[in-house]
Every structure is written in C-alpha cells, then in structure tokens.
Amino acid sequence: MSKLMSYMGKYKKYTYAAIVLLMLGTIANVIPFFLLYQILKPLILGIEESASYYITRIILIGILELLYVIFYVKGLALSHMSAFHTLKNIRISLQKKIEKQPLGIINNYGVGSLKKMFINDIDDLELLLAHALPEGLANLTVPFAVLIAIFVVDWRLGLLSLLVVPMGMFAMGMLFQQGNSKMKDYYASAQKMNNTIVEYINGMEVVKVFNKDGESLDRYENDVKSYRNFTLEWYKACWPWMAIYNSILPCVCFFTLPVGAYLVLNGSISMTDLVLVLCMSFGIGGPLLKALNFGSVMPQINYKIEALEKMTSAPELKQTKDKFTGVDHSIELQHVCFGYTEKEVIHDVSLKIHEGDMVAFVGESGSGKSTLAKLLVHFYDVCSGSISIGGQDITKMSLESLNNEISYVSQEQFLFHTTLMENVRIGKPDATDEEVIEACRKTQCFEFLDKLPNGLQSMAGDSGKLLSGGERQRISLARAILKNSPIVVLDEAMAFIDPENEEKMNLAIQEVIKDKTVIVIAHKLHSIVHADQICVIDKGSILACGKHEELLKTCKEYANLWQIQEQSIHWTIQNKEVMKNA
C-alpha cells in the first residue's frame, strides 16, 4: 500500500479528501437510524407528539440521505481522479523501469504477459485506489463508532452486537486462506492462456497453410480449459466462506433481538433502549460488509502488485550517462561469456575488429552468431568479459550513445502503424523528406512504393503487415542508410529477399556499409567471400578466423559449409514423371 501511495504524487490529497467525504457520507447515512428511533420512541411509550415533531425528523432524514448522495458522489469523483492519475504514474514508471532492462529480457516476457501487466493488472488496481481504500476506511470507521454508542446504552447488548463480528471475520479469514492457496495456479494459467491466444492469432497464417488447425486448436482449447478449471477451483474454495460472512455480518441483531427481548421481559432494560440498539445495529452491518468485501480483493491486488514488482526487479542494463568517447570505431571482445539462463551459450570469445573492416560470422543455426551480434548492440549484459568500441567499454556509455554509433538491421524488422515515410524517418528523426526519399532510392524501395496508391505516404499497417517480408527489409535498410552510423550490424539482412531482387539489394547493402565497420551474419556464404575476416562460430565458440580462401584450406567446418552451399545451388525440382520412375 505504501508503495502504491508513493505513485500518487500531488493527487494523494485527493485520496485523503475522498476518505473524509465518504466518511461524512457514511455518517449521514447512519444518523437516520437515530432519527427513526426518535420517531418510534413516543409511539412505543404512548407519548403524544405534535405533527411538526415527526415532520421535522422525516425532513431531516431526507436531507441526510441527500447529503449522503452528495458526499459519496463527490468523494468517489475525487478518489477516481486520484486513482487514474496514479495508474498513469504507475504505467509511466513501469515503462521507464522496463526501458532500463536488457531488451532481450523484455522480449522474453512475451506479448501476452506484457499486455496483461500493462493493461489488465494495472487496471485492477483502480478498485483498490478508487474504492477499497477510501470506501473501506469510511465504512470501517462508522460501525466501530456505532458499536461504542451501543455499549454506552447497554454493555450486554453491545457484546451481543459484537458477537457476529468474530464469526464473520473467521469466515473472511478462511476465505483468504483458501483463496491464497489456489491464487498462484489461477494467475499462472491466466498468463499462459494470454500468451497462447496471442500466439494463436499471430500464427494463424502458418497454422492454416500447414494444416495444423487441429494441433494448434487443441493447445488453444487446453489452455482455455485449464484457465476455466483453475478459476472454478478457486471460486469453489471461496464460495462457501463468502456466503457465510455475507449472511452473518449484516445480521447484527441476530443475537441482540431475542436476548434483548428477554431482558426487556425480565425488566433488565427498557423497551426504548432495545429499540435504540436495534435501530443503531442496522447502521453496522451494511458498512461493515462493504468494508470487508473490499478486503476480499486485497489478496488478488497484492498478488498483482508483487507480479509487477517482480517483473520490474530484473537487473538493469549496465550503462552510464556518458557519451561515446572511443578513439575510433574498432570493436574488441575480450573473453566474453554469456548465457540466457544458468546454461552458458557463448564461451570465452575474444575478437578484434579493426575500424572500416567487414567481418562475417558464419556457422550452423544455433551456433551463437546472432547472440554475439545482440551482445554487441547491448541487448544483454555479458556474464563475464567485456565488449569495447574504440577502447571504451559499452557498459561505460549510455545506451543512447551506443545506438548512435551502431545501425542494427535484423531479419525481422518492426514497422509502426504510420506512414512509410515516418517509418524510414525513425533512422534520423530530423531528416528532410528529400533525405528519406534518397535513402529509399538507394535501397530500391521505389520498386514497390510506386505501386502503392500514396507512395511513401501509404500506411504500413499493423506491425507492417501490408508489406511483404522483403519490402519490410528494404524499409529497414533505408532506415540504416538514413541513420548513417559508423558501425553496421547486419543480422540476416537478406533473409526475406527474393532471388530476382538479390543483386539490387546487394547494391543497397553496399550503400549501407560504405566506409563503415561492418559485422555481417549470413547463411549465404557467397555474399561474404570478400569480407576482411570470416569467423566460424560453433557451439558458442570461435573455431577459426581468416579470409575465405584461407579458411577453405585450414578449417574443415567452413569448407563443409561451403561445399553444402555449392551443392545446393544446383538443386532442382525433378519432373513428377521422372520422380515416379526413379
């Protein structure tokens, strides 16, 4: 709670004001029970009162109920204003904390989990901030005040009124105990279902093309059913205790009425005292039940807060506020080790890349090529060793400064749902339209831009879905040309390029890497035969480094990769009749 209050800022006073107003509203809603007693008292005792006596109290009851509505409406307005500003502050704070975490860790969270956290879980805190806190405190204060008044009238009736409270609290405690025992499984199943739904929708094209409807739907259905089952188990454990305390707490007169009637009959108390206590008892059950109903959501909210804190407690990316001060743009990896979990995937890698050189990482899939590239652009912190540019450790500069020195083009580039012009301009936000157009011209983008109704002003679509993979790749290369950073990292930059456009794209890449320090990750060895240095990666280690001709003679792993690709060039699809006769 204290952590949540820290996010309120200047709106904390709105919450305090809301608590006061709601408390006044609750008091205004309880006082009519005393006025009702004053109306009943002369009738019970047979005392004659004037019509004005009754009319005055009836009017006061109406005024108090109107005040109750006014206080409650104004109090809830203030509490909601404070709550939604607090949710805004939490989201902004969360975004800032996540921004400081390694990008690789953020990607591992999954879209479903991040959506649930940023939208669902934070929205659920609104119940606590706008209702549970102000209304809960207000509804708790008044019942205790009324109980004290009952004790003043008669201590025996006070004790009888108090009996239902421990019974209700016992049921509430059992509800918390049963609910908490199954809450972890419930939220884990909800998170798994969210991720599965997002994956199912995003992968629907692949599912349809490869006739995996059954398998994919089974997984989808199983996770949805699992969430349903965990939810029902959780509710079944809570329902009996919820019913008990909802039945007992409003009935404060459960013991007071029969025992109080007996005390009246034997002359221990007067009838008017019993009526007064009964009238006051109606002011206890409702507010107390409201307060405790808010208490039942506290374990859920507490779980969500813990989940938010856990997600934001990942170690921050090691960086400083310093600018780039390297002497040049050479790159050096010294005894670099790294693992995504406890298992190490990069083992003691040391490498020197001179400024202006083109260095290629080659190897089988899963050998660690892309991981090394991501370490260089600081997606992760290395577990040991260091990576430096121009003699400056990349952890000794800000991520912004590092990103100014590096253009990273991966095989999957994200396009925002805005114009293609603005998507390219991301590479250099202050670029003129002419500079954007020139970058697109160099990357052959106008081959498809000219076919679009609005050219560069066309919308990219959600995640760039209106463009093909190759077209998105060209837009990303245009970004890199526009950015014009001295270091370029190309991670399978030709992955989605069709053979007809491969030669043109090679020319575009030549524009990107001109006079730059370049790291290329490529499966097509023909595209990197002229590299200054080729590093053969296998199982997270560098087996050999050298030029193409040298590696063919000295590195059997590279020679094997080359031979396989040479053979694949001559692969053809045989005529169906030939295949039948084979």
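## Strand pairing in the sheet

Two strands are said to pair if DSSP finds at least two bridges between them. In this predicted model, isoleucine 331 has isoleucine 353 of β2 as its bridge partner. Strand β1, which covers residues 331-338, pairs with β2 in the antiparallel sense, and five bridges join the two.

These strands belong to an open sheet of four strands, arranged in the order β2-β1-β4-β5 with antiparallel pairing. At its edges lie β2 (346-353) and β5 (392-393), each of which pairs on one side only.

## A helix across the sheet

Helix α13, formed by residues 369-376, lies across three strands: β1, β2 and β4 (384-389). The direction of α13 is at about 115 degrees to that of β1.

## Helices α2 and α3

Helix α2 spans residues 12-45, and helix α3 spans residues 51-99. The two pack with their axes 7 Å apart, at an angle of about 165 degrees. Angles over 145 degrees count as roughly antiparallel, and α2 and α3 are therefore roughly antiparallel to each other.

The contact of α2 with α3 includes 27 nonpolar residues, together with eight polar and three charged ones. The crossing of these helices, α2 and α3, is left-handed.

## Helices α16 and α18

A further helix pair consists of α16 (residues 433-442) and α18 (residues 469-483). Their axes come within 8 Å and cross at roughly 125 degrees, which makes α16 oblique to α18. The crossing of α16 with α18 is right-handed.

Which residues of α16 meet α18? They are Glu435, Val436, Ala439, Cys440 and Lys442, and on the side of α18 the residues met are Ala478, Ile481 and Leu482. Divided by class, this contact of α16 with α18 has six nonpolar residues and two charged residues, with no polar ones.

## Confidence in the model

The average pLDDT of the chain is 81, and 89% of the residues score at least 70. Over residues 575-582, however, the pLDDT is below 50. Beyond near neighbours in sequence, the stretch 575-582 has one contact in the model. Where pLDDT is low, the predicted coordinates should not be read in detail.

How values were computed. Residues are numbered from 1 along each chain as its sequence is written. This is a predicted model: local features need pLDDT of at least 70, side-chain atom pairs count only at pLDDT 80 or more; totals for chains, interfaces and linings use all residues. Side-chain values use heavy atoms; hydrogens and water are left out. Contact means heavy atoms within 4.5 Å. Axes are lines fitted to C-alpha atoms, for helices over the stretch in contact, and angles run from 0 to 180 degrees between N-to-C directions. Angles under 35 degrees count as roughly parallel, over 145 as roughly antiparallel, 65 to 115 as roughly perpendicular and the rest as oblique. A crossing is left-handed if the near helix is turned anticlockwise from the far one by less than a right angle, and right-handed if clockwise. Ala, Val, Leu, Ile, Met, Phe, Trp, Tyr, Cys and Pro count as nonpolar, Asp, Glu, Lys and Arg as charged, and the others, Gly among them, as polar. pLDDT is the predictor's confidence in each residue, from 0 to 100.
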